[in-house]
Amino acid sequence: MAAEVHTLRVEKNISKAGKLLHSLVPRAQIFCFYDNAKQCAWSSDSAEDYEIDNFVSDLPREVLMELAEQRDVLSRTLPSGRTVVALPVFDEQQALAGLLIALFSRNDGKSSSFNPGLLKNILEPAIDVIGESLRVSKQTRSLERHSDDVEKELSFVYDVDEKIHGSSGRHSSLAQLVGRSGRYLEINYSVLLIPSKRIRVSATHSSWKTVNRKVLDRYLIDHLLPKLAGQRRPVIFEIPPMKTDGELAADGYQALLCPVLDKQGNVEGMLAQLGRVDNSKFSRNDRRFMSYICRKVEYVIEQSFDAMTGLMNRSGFETQLGESGAALKKNGDAHQVIYFDLDNLQLVNDTFSREAGDEVILRFARLLEDDLPKSAVLSRLTGDDFCMLLTHAESEAAVEYAKEVRARMDSLRYLEGDKSLQVTMSVGIAAFTRSGSDGAGALTSARMACDSAKAHGRDRVEVFDEDDRSIVRRIDDMQLVASIQRALDSDEFELMAQPISALAKGARDIRYEVLLRMDDGDGGRVSTSALFSAAERYHMMPQIDRWVVSRSIAKLAEHREFLIESGATFAINLSGQTLGDVDILEFIESEIDNSGLPSSSLCFEITESAAVSNLKKAQSFINKLRKRGCEISLDDFGAGLSSFAYLKSFNVDTLKIDGGFIRDITVNRISESMVAAITQVANVMELKTVAEYVETKGARKLVKKLGVDFAQGHVIGKPLPLVSTLAELVETEAASTT
């Protein structure tokens, strides 16, 4: 209880600074304070924000110490795109007492006007107030340490509660509840039985070690569990003398049975306390105590199991993986992790309904449970992803089981009226060994093998193989993600500009495309294909595109007068993922408005495939940006099978011809014909055309002959830093006017 009292006092004192914090920085969404134990002691928003909790808990101690030593400010982008700013708070010895956290929206956090250093200066008075509150609280606690009143309040119930909520392992939490409650009540045999979830956790007093506990469990499930139907509180049963394998289990005893309820209030199992060691009777207090323990059991189960299917959830499964590692005694021993992913569940949702998709998920869960090996643990990780831990098994056994499940997938055909849809699955398998990967690594490897199965055509079973290039690509992507996030947080990306040259004689159009580059840390650069492969796979493109838009506009705004006078245009790429971001249009418009940059200086490039896959959003996005004066370029045009059919759907200014037609245009008549056709259609629709990847003088000459308006490629000009490109343009323009 001491910890609770201290937490409440800190919360009360720090909350006095809440209005001050928001008055100093009104753009912040939330302010909160985390102590040195990385626990949230106070928040200006009463709702819990687990994303902030995860950010603080994942901060390495080295980072915290460096932050305290340098009295610096830390700014990071969360997975949701919001920006978090952390500032150190110090006690009277100037030691780190905790962190003041300020949370900003995606638009505010990525704005070019966002300045963490300035925020630190503004918030320093409030930080001093918080530090003073902590110092007063600490002094008050030191005066109370002589008293043991708080310690006397520590009861068994509180101790159990602390153990449960502080435990990272769900199975170990259930074991704590069963074992400690049994010892507290001095019980001969304590057992938690939930047949539908295949849960059995028991604790036995030494006096009952010879009793056949399997017989007792079967008796509890078959005879007593049905009698708990409709019960909400613990019930006491008188058990007569019972013979088990020729031995008396006891000379008759009491059983205190506590119903365990699911979310719908139905009895799904029991926590049974069989017989007191001293043969005394259960009291009303015992029933009340066990009612509390059962609520804790239900809490642990709710945290560990999926509400829809009743299977273990990701949290519970990951804990089970961690605990199962201890069972691997020899180097040759292995568990198998089997990762299942329904291939076309989204199609069921779109064709029929979300309820139909849920029905398929439930039927698949039951299919996996049918004939489930006794040594297996089954989980629904999320959505249509399921996973199984097959203990003490070789990969051949896992493959055989996966093939058996796949052979029964016909039962997942969804029928409604005269419509039907066959659901298939992709499966990945990875070994979990004592000498090799741990549980988390095996889960990741199994998922990557499943991704590979999907990439190779779906409805397949694949075993993780480090020599498989598609899987190695995913490993490389995962390793690159952390570097990408660091580059985003620290502004380590570099913006380049590549010229787009007008082919008509005498034309003076000044056009450039803004490109993104990233250092690899060893003096070189990460290949753009690897960079965008990782970013797209892990849905980081919206963050990257926001960074490019904000930083590009900020740099261009520094030369506003030149851009107005020259009419120069700079093209910025937007990914398909970004088009799906509901806030991106508002973000772009806000950045343009805040910069004072003329909209005509900006062109936004959208790939044809991204526009087609987000047809309605793309149409609205294009129309609104063109209305305010920006240009729109349809990139990689001609790559799709229905390019011309979709063209009339988009009100664009420029067609950027797919580079696949340009690379071999001088030797491939088909490519030449495609470019000629695109140019003719563009002329009819009064659209400009750009040929990218023009790498030779011959290609430049031919695309000009075919009527293409602009060319881009190394023969035209290589990408150079945006900053130096702008400076050179301004200098050249100034020289030409003097």
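Which residue of β26 does L655 stand opposite? In the predicted model analysed here, local features need pLDDT of at least 70 and side-chain atom pairs count only at pLDDT 80 or more, whereas totals for chains, interfaces and linings use all residues. Residues are numbered from 1 along each chain as its sequence is written, and side-chain values use heavy atoms, with hydrogens and water left out.

L655 stands opposite T689 in β26. Helices (H or I, at least four residues) and strands (E, at least two) are DSSP runs, numbered from the N terminus. Two strands are taken to pair if DSSP finds at least two bridges between them. Strand β25, residues 654-657, is joined by four bridges to strand β26, residues 688-691, and the two run parallel. Strand β25 also pairs in the parallel sense with strand β24, residues 631-637, over three bridges. In that pairing, F637 has I657 of β25 as its bridge partner. Both faces of β25 are covered, with T654 and K656 on one side and L655 and I657 on the other, all of them buried. Burial is defined by relative accessible area: under 20% is buried, over 50% is exposed and values in between are partly exposed (1.4 Å probe, protein chains only).

A second group of residues centres on N107, which is found in helix α5, residues 106-109. N107 counts as buried because its relative accessibility is 19%. The side chains of N107 and R546 are joined by a polar contact of 2.8 Å. A polar contact is a pair of N or O atoms within 3.5 Å; within protein, one must be able to donate a hydrogen and the other to accept it, and residues adjacent in sequence count only if both atoms are side-chain atoms. Not counting residues up to four places away in sequence, N107 touches R546, D583, E586 and F587, where contact means heavy atoms within 4.5 Å. Two of these residues are also linked to each other: the charged end of R546 sits over the ring of F587, 4.7 Å from its centre. The criterion is that NZ of Lys or CZ of Arg is within 6 Å of the ring centre and within 35 degrees of the ring normal. R71 likewise lies over the face of F90, at 4.0 Å from the ring centre.

Aromatic pairs were searched for over the whole structure, and seven were found. Rings of Phe, Tyr and Trp (its six-membered ring) pair if their centres lie within 6.5 Å; planes under 30 degrees apart count as stacked, over 60 as edge-to-face and the rest as tilted. The rings of W208 and Y253 have centres 5.3 Å apart and planes at 75 degrees, so this pair is edge-to-face. W208 lies in the loop between β7 (199-204) and α10 (213-224), and Y253 is in strand β11 (residues 253-261), 45 residues apart. Both W208 and Y253 are buried. The pair of Y512 and F570 is stacked, at 5.4 Å centre to centre and 15 degrees between the planes. Y512 belongs to strand β21 (residues 511-517) and F570 to strand β22 (residues 569-574), with their positions 58 residues apart. Y512 is buried with a relative accessible area of 15%, and F570 is buried with 0%. Ring pairs also link F340, F364 and F386 into a cluster.

Y512 is also touched by T725, which contacts A497 and L720 as well, not counting residues up to four places away in sequence. T725 has its place in helix α29, residues 722-736, and counts as buried at 6% relative accessibility. The side chain of T725 reaches the backbone oxygen of P721 at 2.9 Å. T725 and M496 are 229 residues apart in sequence and 8.4 Å apart in space, C-alpha to C-alpha. Another threonine, T578, lies in helix α21, residues 576-579. T578 counts as buried at 1% relative accessibility. Leaving aside neighbours within four places in sequence, T578 is in contact with M541, P542, D545 and I584.

A search of the whole structure for disulfides (cysteine sulfur atoms within 2.5 Å) finds zero. For C450, which is in no disulfide, the nearest cysteine sulfur is that of C387, 9.2 Å away. C450 counts as buried at 0% relative accessibility. C603 is also in no disulfide, and the nearest cysteine sulfur, that of C630, is 8.8 Å away. C603 counts as buried at 4% relative accessibility.
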